[in-house]
Amino acid sequence: MQLSLELFVETPEKSLDFYRRVLGFEVQGSASTEYTMLSNGDAVIAINSRSTLSSDHPIRAETRQRVGLGVEIVLKVADVEDVYRTARDSGWPLSDLALQPWGLRDFRLVDPDGYYIRVTSRHTS
C-alpha cells in the first residue's frame, strides 16, 4: 500500500511555491492551476484548486475556513537538518528544530492553507 495526499487549496500557485521552495518537492508532469502532482522521494502530494469541488462535496471548505483540522502531515526525511536549513532559509515561519522525547528530531510549520506539517528524521538520534 502507498499513500498520497490530495490537498484542496484556495490558491494553487501559493501552495506550489511553498511545497517546492520550502520543502523541496518537484513537479511531476506539468503544473496546472487546477491539479499538479508533486513528489519528494516517496512522498507524493497533489495540489488541487478548491474551486474544482462541487458545492456539495463533503470536503469542500468555505473561503477562510480552516482546512486540515485534526490532521498532521508527517514527512520523514533522511537528513532533517538539511531540510530544516532549506525551510529556514526560505523565510517561511517554522518552529525550531527540536529533539523530541521519543528520540526523533523534527520541526513544524503550516502551509499557506493551514495544513499542519511535521518534518522529522527517520531514525532516533
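This is a short tour of the predicted model, from the whole protein chain down to one residue.

Residues are numbered from 1 along each chain as its sequence is written. In this predicted model, local features need pLDDT of at least 70 and side-chain atom pairs count only at pLDDT 80 or more, while totals for chains, interfaces and linings use all residues; side-chain values use heavy atoms, with hydrogens and water left out.

Select the protein chain and colour by secondary structure. Two helices and eight strands appear, in the order β-α-β-β-β-β-α-β-β-β from the N terminus (DSSP runs: helices are H or I, at least four residues; strands are E, at least two; both numbered from the N terminus). The radius of gyration is 15 Å, close to the 14 Å of the globule rule for 125 residues, so the protein chain is as compact as a globular protein of that length (taken over C-alpha atoms; the rule is 2.2 Å times the number of residues to the power 0.38). Along the principal axes, the C-alpha atoms fill a box of roughly 45 × 35 × 30 Å.

Next, show the surface. Of the 125 residues, 38% count as buried (under 20% relative accessible area; exposed is over 50%, partly exposed in between; 1.4 Å probe, protein chains only).

Now select Met 37, in strand E3, residues 35-40. Met 37 counts as partly exposed because its relative accessibility is 33%. Which residues does Met 37 contact, leaving aside neighbours within four places in sequence? They are Glu 26, Val 27, Gln 28, Val 44, Ile 45 and Ala 46 (contact: heavy atoms within 4.5 Å).

Finally, add Ser 54, 17 residues from Met 37 along the chain. Their C-alpha atoms are separated by 21 Å.
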